[in-house]
Every structure is written in C-alpha cells, then in structure tokens.
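Work through the exercises below with the sequence and the structure side by side. Try each task before reading its solution.

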Amino acid sequence: MATPMLIQDIARYEGQQVTVKGWLYNKTHKGKLVFMQVRDGSGIAQCVVFLNDVPPEQFETAKTLPQESSLIVTGSVRKDSRAPGLPGGYEISVSSLEVIQAAEEYPITPKEHGVEFLMDNRHLWLRSSRQWAIMRVRATIIRAIRDWLDDHGYLLVDTPILTPTAGENTTSLFSVDYFGEPAYLAQTGQLYNEANMAAHGKVYCFGPTFRAEKSKTRRHLMEFWMVEPEMAFFSLDDLIAMEQEFVTYIVQTVLAKHGQELAILERDTTRLQNVTPPFPRITYTEAVERLQKLAAETTDPELRENLKIEWGEDFGAPHETAIAEMFDKPVFVTHYPVEAKAFYMEPNRDNPRVVNCTDLLAPEGYGEITGGSERIFDPDLLAQRVKTMGISEEAYRWYIDLRRYGSVPHAGFGLGVERVVAWICGLPHIRETIPYPRMLNRKYP
Ligand code: 4AD
Ligand code: MG
C-alpha cells in the first residue's frame, strides 16, 4: 500500500511506496524516461516515469501532459543526490499516474515574462517557486510577530476597519458610504489600541490598513498589513529597547527556518545575520546634518539633488537609504520635527519643536519598517493638536477622554509586514510581498 506523503517530508520515506497529489510544474522527456517535476504545495519532487514501469498509455500521458495539470502520482522514493526539487536529493520512481485534470495551455512558462503580465496573472503567478518562497517567509514573519508578542505579555485586541475619522492624517483616507454618512477604512488601529492599552496594559492589533496615497513607489501599497503594539508606562527608550528585540526575533526566526526559501530568492543573508541588539540610534537633527554634509561632499550632481533637505522636512526614500547606509544594522532615527509627524505624538520636554518618536530604517535601502512614538499625555494639548488637522474635536471626544480618566505615559509603534518581507527576502519591489497587491494602478485580480 502506498502512503500519502507531503513532498517536504520526502527524506523520511526513502524506499517506501508513496502517493503525492499535486500539479505538474515542469517536465523533460528523454527516450524511455519522462522526468516530471511535481509540486504539492509543500515542495517539488522529481517523479521519474520509466516506460517499462507503467502501463503504456500512462507513459504516453506523462509525455504529453501540459504544465500545471493536476495529478496523483504513486511510486517509490529513491535517494539520489543529483535529483532536483524542493527539498531535492530524492526522487520518486513512478508506478502509476492518475490525471485529475489536463490543464489548458498555461500562460506562465519558464521563459521570461514582463511584470505587468505577471501581475495580471497574479492568481497563477503565486504558484511559481519564487512567489511560493516569498509567501512562506511572509507566513513565518506573521507567526513570529504573534509568537513574540503573545509570549511577552501582549494581548491581541482587534480594532475596527470601518472608522468615523482619520487615524493618521486626512490626506490618505479611503471613504465609503456608511448608510448615507461617510466612513473611512482604517489607516491605523492605534487610537483604539490606546483605549485597549488602558484596559490591558500591553496590547497589539494586527490587521489590514489602508492608505489612499497617490504614490507609486516601490515601498507603498494602498492596502498593507500592520502590527501595532501599544504599551502603558513606556517611554521612548523603553519603546526602542522592545522594538529591537522584536525585530531581531523576526529576522532570526526566518533565518533559522527558511534557508531553502532564501536560497531560492538568492538572498545574501550576511547583513541579516548581523541583526542583533543593540541597534544604533541617531536623532533626526543629526541625520539632517549628516545628509547635508554628504550632499556637500558628493561629486554626483543627481545624488546631491536627491539628498537636499532642510530641517523640518520629512525624509524621502533617498534620504532614508543614505542614512541606513551609514550603519551596518537597522537604525533608529528619533526626535523628528513636530510638523513632520502625526498629531498624537508627545513633544519633547527640552525641545518642544521635536516629538519623542522613532522610525526604524532597514539596511540595504528598504526604508522605514516601523514608526512609533510616545503619545500625548495631556487632554488640552491633544485637543489643540486635533484642531490643527482641521477636524472637529467632537469626532475625537472618546480619544481625548482617555487622557481624562487615568492618563498614563504610553508609547507604541506600527510595523509594516510587507516592508519587512521585502527587506528579509531582498525584493526590489513591495508588490511581490503580498498575495494580491493593491496599488495606484492596480486592483485586479
Ligand atoms: O508610520 P506609520 O504611518 O505609523 C502609523 O500608522 C502609526 N499609527 C503606527 C503606530 O504608532 N501604532 O506606519 C507604520 C508602518 C511604517 O513604518 C511602514 O512599515 C508601514 O507601516 N507602512 C506602509 N507599508 C506599505 N505601504 C504603505 N503605504 C505604508 N505606510 C506605512
Ligand atoms: Mg511613518
């Protein structure tokens, strides 16, 4: 009797009769042999069909079966160090082949395709081994996030997606019709998190968030997943200490578990291995000085133009990349100007022109992966800051209330899952980090 097997476990089945259910990924044919690469979702196995081992019509079927046909293969597992596959090193000598469906001509072939074509076929592209590897790393990142928080006393408390007001700013809101009144897709769960924090101490929310940003960069999505921890009695220093442990755990968990996937992605992991606490930190003001110095010294006129910055302005991608290149680990940039950041951030006591915040910039040009801060403690100051957004204080009454009933110093941050996937996998563009990316020019499929 043949045993059902997942290809990822093939090494445990040497010499045994097994059954694999999956899809035909690729095949080659030579004389009396057909080499089928069969994938089952867990891996890819070379399945060798020998003319004399199967009924003649099954050999014909194997020779002509189109790519991505669904099938059930039975045979015995043989060790062969040359056998390709994931994990590879073993192959299946086929004794029987059952076709579930012969596929129509598959649009994605091993030849090169343009990105727009692949994005139009995202529902199929996900089957390709690079995309397969990325989704597996993504799943591990999400799990590592949950595991670390759950194991460190953080309670998962969900926050709404349909919201009455802006959570971050008024310029990137998606509005929907809520029974004749406008509602907005959540830009963040943070404001609700702050209420939940007062109930549970340390909380997090984790879900999709939405930004109607008319930006078309390789780092921006309209819909992305963000995990947001929020902690009572945390200062900026506490926040930084926690974030570096958290990010280190995520990176090291992926490295420990996904050598195979990172190899498929041809990711050089040297810089990732280096991700251990403590991470360096510099202030926004120091960063601006360093950028201005760099711009003054460079002989490249384009770089000089890109690095231009005045104190008060937010960083763009070239600035973030240049700052990150000054360090060999992710770097915390702290104390941004009030006007460059969100309304809820606590001003610095010694220098109220800056807020007690920090962005974490990833190495190798992957940009900001987390953004966080201390939150405003005082109800009057918060009310005043709400007004600067041009929204009525009334809409934020509940949020300001939190400062009236046992206000505490507190802090939190958001980590963008897709930015972290792009960084760890070494992907040039964020579109491959999420199964179905929502971008300025794309919402299909
Ligand atoms: O810096 P952001 O906008 O911070 C917040 O939303 C805070 N309310 C979080 C908090 O303190 N609870 O976003 C946080 C992170 C960024 O560092 C980035 O990793 C990611 O979310 N992010 C995006 N990822 C993909 N596409 C976009 N358009 C993103 N905008 C932010
Ligand atoms: Mg930010």
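**Exercise 1.** Find how many bridges join β3 to strand β4, and in which sense the two strands run.

Solution. Step 1: β4 covers residues 44-50, and 7 bridges join β3 to β4. Strands here are DSSP runs of E with at least two residues, helices are runs of H or I with at least four residues, and both are numbered from the N terminus. Two strands count as paired if DSSP finds at least two bridges between them.
Step 2: β3 and β4 run antiparallel. As one bridge pair, R39 has I44 in β4 as its partner.
Step 3: The two strands form a hairpin with 4 residues between them, and G41 in the turn has a positive phi of about 95°.

This is a predicted model, in which local features need pLDDT of at least 70 and side-chain atom pairs count only at pLDDT 80 or more, while totals for chains, interfaces and linings use all residues. Residues are numbered from 1 along each chain as its sequence is written, chains are lettered from A and ligands numbered from 1 in the order in which they are written, and side-chain values use heavy atoms, without hydrogens and water.

**Exercise 2.** Describe the pairing of strand β2 with β3, and state why β3 is largely enclosed.

Solution. Step 1: β2 spans residues 17-30 and pairs with β3 in the antiparallel sense over 7 bridges. H29 stands opposite V34 in β3.
Step 2: In this hairpin 2 residues lie between the strands, and G31 takes a positive phi near 60°.
Step 3: β3 (residues 33-39) has 6 of its 7 residues buried, so the rest of the structure largely encloses this strand. Buried means under 20% relative accessible area, exposed means over 50%, and partly exposed lies in between (1.4 Å probe, protein chains only).

**Exercise 3.** Give the strand order of the open sheet that contains β9, β10 and β11, and name its edge strands.

Solution. Step 1: The order is β9-β11-β10, and the pairing is antiparallel.
Step 2: β9 (162-163) and β10 (175-178) are the edge strands; each has a single partner strand, so one side of each lacks a neighbour in the sheet.
Step 3: β10 pairs with β11 (residues 181-185) over 4 bridges, and Y178 stands opposite E181 in β11.
Step 4: F179 lies in the loop between β10 and β11. F179 is exposed, with a relative accessible area of 77%.

**Exercise 4.** Is N196 buried or exposed, and which residues does it touch?

Solution. Step 1: N196 is found in helix α5 (residues 190-200).
Step 2: With a relative accessible area of 16%, N196 is buried.
Step 3: Leaving out residues up to four places away in sequence, N196 touches V157, D158, T159, G201 and V203. Contact means heavy atoms within 4.5 Å.
Step 4: P4 is 192 residues from N196 along the chain, and their C-alpha atoms are separated by 46 Å.

**Exercise 5.** List the buried residues of helix α11 and some of the elements they pack against.

Solution. Step 1: α11 (residues 317-324) is mostly covered, with 6 of its 8 residues buried.
Step 2: The buried residues are H319, E320, T321, A322, I323 and A324.
Step 3: They pack against several elements, among them α9 (284-297), α10 (301-307) and β17 (367-374).
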